[in-house]
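Reader: I am new to this structure and would like to go through the terms used for it. Please show it, and I will ask how each label is justified.

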Amino acid sequence: MRFAFPCALNSLTHSAMAPLILIAGGYSGVIHTLSFDPRLSPPTLNITSSVSAGLAPTWLVHSPSSSRVWSLDEWGTGQSVYTSHQISPTGVLTPTSNAPSSYDPTLAASEHWPCHGTLLTSTTPHRLLVATYKGATLSSLPLLPSGDFDLSEESGGRQTIHFADTGELGPVKERQEQDHPHGVHIDPTGQFVLVPDLGTDCLKVLRINRMGDLVRGEDVRLEAGDGPRHVLWSITGSGTTVIYILNELHNSISIYDVSYPSASSPSLFPTFTKSQCRISILPPAPHAHQSDFSTWHCAEIALSHDGRTLVASNRAEGHDPAGADPSSLVHAEDLLALFDVENTGKIIPESKRMVGSGGRAPRHLCSSRVEEREWVAVALHDSDEVVIFELLKGVLKEVVRKKGVGKPACVLFV
């Protein structure tokens, strides 16, 4: 059995073929709920409900066990806002508002541009971990059993780690002008966290102590100009643990083997050993209207449920999150790169094949497996749509797409 432990990829297994529920958040200030029914011919994908969630709810975190969704408002007025929502069996989101002020389910945060988050369940209480791109922070927010935020003294309160000016900046001046934490990724044991820092070409390594606090370790230095965006943890078919690093600025993937410390080890942190470096996810040539790949920047990475196919998304144009007009997009579609993966977790570079997304700016991917069929949903920001593919034996085939989905930056099966 092969297991992937992504934050960027929400991977679920559903027990029966039925309409599947997705949620999509983006730059329109709305989270949409969609229903995907693969039983129909042709399959359908429709918006069934919507809820306002600030200015730009561009990252969503889902907890199936507590029927909760947390949204991160990247562009909250003055301050960014994290909101806790209850989710019904049909996917209707309700921002919870029945807690007293000290347990307010909508938490104002002083950081800027929260870009990624995940749920930490190995601690008591559970915590929402959030990385901020411009604020250069990692925050740990304790939660009540209901899923609302708990800022009481008994919970230990909120912990914020500041990364500003803690590393050497990379060589890409226009993007690496400061520390830019771009993800927060918990390891399979629930004991360690990796934060890829796009600004300093490194992975911030943290462990979770007995009190549930985050403790920094030594950074993992990557190649200059990599600009790491996201990390994917995986336990391979051979039983080892590896990480896949998506390098946004270099448009590549690097793989590191992970060795955990033994009981007698003087270090409390894992060791990361480079296995493969800078495997390009680019096509042989840019689009016909482009002279080079200078505007290309990758966005997301995902593994199939069996761990034998890796998918990464390319964005071929500099994009404007607020002002992108789908009707003005006249150039070629953006591409997804697929690779075969060995049992050891290594990528087979020569297996790379490119698949058209049918739209522009595939910013996020998620998957769901139902009765041996695997579906991959892609959020296409600039062309304002969600598209669903079927993944079968390493081949992606488009099934259905829906336009007018709020300039989606994140899409999850729930």
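Reader: Which residues touch the most other members of the largest nonpolar core?
Author: This is a predicted model. Its largest nonpolar core has 23 residues, and Ile 23, Ile 31, Trp 70, Leu 93, Leu 128 and Phe 149 touch the most other members. Strands E3, E6 (57-63), E7 (68-73), E8 (80-87), E12 (127-132) and E32 each supply at least two residues of this core.

Reader: What makes this set a nonpolar core?
Author: Membership requires buried residues of certain kinds, Ile, Leu, Phe and Trp among them, joined through side-chain atoms within 4.5 Å. In soluble globular proteins, nonpolar side chains tend to be buried together.

Reader: Which residues does Trp 70 touch, leaving out those up to four places away in sequence?
Author: Contact needs heavy atoms within 4.5 Å. By that rule Trp 70 touches Trp 59, Leu 60, Val 61, Ser 63, Thr 83, Ser 84, Leu 119, Leu 128, Leu 143, Gly 147 and Phe 149. Leu 128 and Phe 149 also appear among the core residues that touch the most other members.

Reader: Why is Thr 200 called buried?
Author: The cut-off for buried is under 20% relative accessible area. Thr 200 has 0% relative accessibility, so Thr 200 counts as buried. Thr 200 lies in the loop between strand E16 (192-197) and strand E17 (202-208). Not counting residues up to four places away in sequence, Thr 200 touches Gly 167, Glu 168, Leu 169, Gly 170, Asp 179 and Arg 221.

Reader: What makes the link between the side chains of Thr 200 and Asp 197 a polar contact?
Author: A polar contact calls for N or O atoms within 3.5 Å, one able to donate a hydrogen and the other to accept it. The contact between the side chains of Thr 200 and Asp 197 is 3.1 Å, and therefore falls within the limit of 3.5 Å.

Reader: How do you know that strand E3 and E32 pair?
Author: Pairing takes at least two bridges. Strand E3 (residues 20-26) and E32 have 5 bridges, in the antiparallel sense, so the requirement of at least two is met. Gly 26 has Pro 408 in E32 as its bridge partner.

Reader: Why do strand E5 and strand E32 stand at the edges?
Author: The open sheet has 4 strands in the order E5-E4-E3-E32, with antiparallel pairing. Strand E5 (44-52) and strand E32 (408-413) each have a single partner strand, so one side of each lacks a neighbour in the sheet. On average, neighbouring strands of this sheet are turned by 25° against each other, direction ignored.

Conventions. Residues are numbered from 1 along each chain as its sequence is written. This is a predicted model: local features need pLDDT of at least 70, side-chain atom pairs count only at pLDDT 80 or more; totals for chains, interfaces and linings use all residues. Side-chain values use heavy atoms; hydrogens and water are left out. Buried means under 20% relative accessible area, exposed over 50%, partly exposed in between (1.4 Å probe, protein chains only). Axes are lines fitted to C-alpha atoms, for helices over the stretch in contact, and angles run from 0 to 180 degrees between N-to-C directions.
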